[in-house]
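Biologist: Before we go through the details, could you set out the model so that we can discuss it step by step?

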2 protein chains.
Amino acid sequence: MPEKLSDLGEFGFIRRITSGLPPHDAVIEGIGDDCAVVRAGETVLLVTSDAAVEEVHFSLSLAAPEDIGWRAATAAISDIAAMGGKPLCLTLSLALPAHTPVAVAEALFQGVRAATEAHDTAIAGGDTTQSRAHIYLDITVIGTPVSRYVVRRGAQEGDVLAVTGYPGRAAAGLYALQQGIDASQAPWRELIGAHLHPHARIREGQWLAAHAAVHAMMDVSDGLLQDAGHLADASGLGIHLHSGKIPVAAALEQARPQLESSPLELVLAGGEDYELLLALAPAEAETLCRQFEDEFGLPLTLIGECEGAWRGLQLDGTPTAPKGYDHFR
Amino acid sequence: MPEKLSDLGEFGFIRRITSGLPPHDAVIEGIGDDCAVVRAGETVLLVTSDAAVEEVHFSLSLAAPEDIGWRAATAAISDIAAMGGKPLCLTLSLALPAHTPVAVAEALFQGVRAATEAHDTAIAGGDTTQSRAHIYLDITVIGTPVSRYVVRRGAQEGDVLAVTGYPGRAAAGLYALQQGIDASQAPWRELIGAHLHPHARIREGQWLAAHAAVHAMMDVSDGLLQDAGHLADASGLGIHLHSGKIPVAAALEQARPQLESSPLELVLAGGEDYELLLALAPAEAETLCRQFEDEFGLPLTLIGECEGAWRGLQLDGTPTAPKGYDHFR
């Protein structure tokens with residue numbers, strides 16, 4: 001039997017194909033971060049691509065096409081936020097079956113457009129093609145650093161780990177849509193809104209990147225545990241997370257009786273809220289959290305530490321396998 | 001019955017969704033040319049996205065995955081050539097079913113990589129996701145103008161139309177693959193090679209853009225007639241093509257007995273050789289053609305004129321509907 005992608009997993013496949021890529025003058029930071037960092041003349045660019053595939057990332061039975069377009073664009077724009085950048089423009093590739101109603105195709109586009117306008121980004125171009133069976137959106141965003149760009153691999157021994165806002169709400173919102181829970185009532189309205197209509201933390205990312213105490217940053221898109229694992233791997237460190245410190249949104253607590261997983265499990269395994277995860281110099285961490293909350297009315301919560309004596313991820317002192325999304329598995 | 005994309009057609013759909021897009025500081029030239037032209041700080045960027053979808057653009061039953069990857073990357077890089085630019089880097093989005101053999105997925109990537117190395121372009125990043133049923137590659141290329149960039153809409157009344165090389169060979173090569181014709185024998189080897197392993201006219205495009213006599217340029221990807229129609233539309237002119245002047249490759253003439261269409265029909269309707277189509281100031285046209293041939297050992301052939309008294313496309317004096325590829329129809 002030939003080896004399948006499902007045997008190797010998403011990250012194994014990426015490691016395999018990218019391990020032999022030669023360096024190139026134009027590429028300052030290549031594959032492995034939220035964005036590539038590219039040199040174009042005198043200008044440094046942040047570049048990221050993000051695909052959304054029907055029946056993998058979204059279903060027209062669970063979300064309106066406007067929301068699907070919004071989420072796809074926001075997911076891509078969030079990678080610029082994760083480096084502390086400013087998005088400039090994006091290209092949109094749309095592949096659609098020929099029998100797709102024009103109204104659905106237009107609404108997908110309008111959703112992308114609404115997200116670009118909300119994040120001061122232009123739709124510069126793209127491609128429109130036929131597909132045989134499913135809708136595919138692929139979005140490439142080009143941005144620039146504002147003060148500096150922050151990569152994943154910058155975490156240092158002794159740094160503390162922090163997360164913005166309340167991850168896990170989008171995962172609960174998706175669960176509510178899948179269960180057909182009435183979306184009009186609290187706490188579901190907030191949770192479903194977090195899933196369908198996320199915002200990229202552009203201003204927050206720029207503010208954080210302007211502080212030298214922020215050593216590493218990424219967005220939470222695959223799940224808090226898995227993404228913390230990526231940050232630990234990239235920095236060659238161990239990350240110790242404390243479940244008691246992880247922020248759980250009030251809406252998620254209210255939803256607990258109807259959830260299949262505990263609120264904490266949703267926060268640990270759920271991504272796609274597009275919150276930011278960062279490693280901070282410990283001496284400045286408390287002050288930075290206070291200033292961040294003053295600036296944005298949003299918590300920046302310390303949830304763990306980076307340790308040098310071991311590698312990987314521990315939750316409450318127990319080694320834990322990163323949980324979260326792996327394509328192909 | 002709701003209106004379907006197949007009713008509206010690819011270009012009708014693009015017109016509908018893009019007609020209301022607001023201007024944006026970052027976008028110098030938006031949708032409607034081979035590349036978008038984008039301002040990033042002090043740098044001008046050329047940006048283009050091109051998707052290739054299984055069973056629409058390619059089939060694993062007709063081409064090796066390395067060739068599919070090569071063609072997809074070359075098609076995207078060709079849009080940079082069509083503006084006279086230099087490609088810097090690309091991002092690759094790959095969506096694949098989980099049951100895809102790793103060897104197929106790796107070969108697709110290696111084909112993209114080989115094309116980037118042949119065109120001095122870096123793979124800077126991308127995305128890898130699952131799809132339900134088909135393989136989907138989307139490639140976004142970022143480049144920069146070298147002397148200046150050339151758009152489609154610059155053709156002027158009295159300009160002459162010229163094309164590089166011998167379009168139509170790739171269409172004959174695809175036909176040969178579909179018919180199971182033995183690929184090892186002349187003239188099929190050349191024709192199939194033109195289909196499976198095209199090259200983007202990067203050096204040629206830069207050389208042409210450096211000559212002020214070149215008023216408009218684009219690549220031939222949808223078919224010579226259709227692309228000439230796009231150039232006429234963009235410039236608000238009529239284009240008169242002379243079938244007797246259109247260059248037909250010797251290999252295409254040799255293949256005539258086994259072809260379903262005439263060689264000329266393949267040249268007119270076939271795209272994907274990635275030759276360049278341009279409008280030239282008439283006084284300098286003959287000299288430029290000679291210099292081009294001296295420089296590149298490749299013909300630059302005058303095939304028509306731009307006229308101001310009417311709009312659209314005529315072939316040998318008869319109005320003709322652009323033939324070529326329209327997704328959704």
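Modeller: This is a predicted model, and a convenient place to begin is chain B, where strand E9 (residues 238–241) and strand E11 (residues 300–307) run antiparallel and are joined by 4 bridges.

Biologist: Which residue of E11(B) stands opposite Leu241(B)?

Modeller: Strand E9 of chain B covers residues 238–241 and is bridged to strand E11, residues 300–307. Within this antiparallel pairing, the residue of E11(B) that stands opposite Leu241(B) is Gly304(B).

Biologist: Which strands of chain B stand at the edges of the sheet, and why is one side of each left without a neighbour?

Modeller: The open sheet of chain B is formed by 7 strands with mixed pairing, in the order E8-E10-E7-E11-E9-E12-E13. Each edge strand has a single partner strand, so one side of it is left without a neighbour in the sheet, and the strands in question are E8 (214–219) and E13 (318–319).

Biologist: Is Lys245(B) buried, partly exposed or exposed, and which residues does it touch?

Modeller: Lys245(B) lies in the loop between E9 and helix H9 (250–255) of chain B. Its relative accessible area is 42%, which falls between the limits of 20% and 50%, so Lys245(B) is classed as partly exposed. Leaving aside residues up to four places away in sequence, the residues that Lys245(B) touches are Thr301(B), Leu302(B), Ile303(B) and Glu305(B).

Biologist: Turning to chain A, is Thr301(A) buried or exposed?

Modeller: Thr301(A) lies in strand E11 (residues 300–307) of chain A, and it touches Leu161(A), Ala162(A), Val163(A), Lys245(A) and Pro247(A), not counting residues up to four places away in sequence. Because its relative accessible area is 18%, and the class requires a value under 20%, Thr301(A) is buried.

Biologist: Why can chain A be called as compact as a globular protein of its length?

Modeller: Chain A contains 11 helices and 13 strands. For its 329 residues the globule rule gives 20 Å, and chain A is as compact as a globular protein of that length because its radius of gyration is close to that value, at 19 Å.

Biologist: What share of the 329 residues in chain A is buried?

Modeller: Among contacts in chain A between residues at least 6 apart in sequence, 82% join residues at least 24 apart. The accessible surface of the chain comes to about 12,200 Å², with 48% belonging to carbon and sulfur atoms. Of the 329 residues in chain A, the buried share is 62%.

Conventions: Residues are numbered from 1 along each chain as its sequence is written. Chains are lettered from A and ligands numbered from 1 in the order in which they are written. This is a predicted model: local features need pLDDT of at least 70, side-chain atom pairs count only at pLDDT 80 or more; totals for chains, interfaces and linings use all residues. Side-chain values use heavy atoms; hydrogens and water are left out. Helices (H or I, at least four residues) and strands (E, at least two) are DSSP runs, numbered from the N terminus. Buried means under 20% relative accessible area, exposed over 50%, partly exposed in between (1.4 Å probe, protein chains only). Contact means heavy atoms within 4.5 Å. Two strands pair if DSSP finds at least two bridges between them. The radius of gyration is taken over C-alpha atoms; the globule rule is 2.2 Å times the number of residues to the power 0.38. Accessible areas come from the Shrake-Rupley method with a 1.4 Å probe; for residues, only the protein chains shown count as cover.
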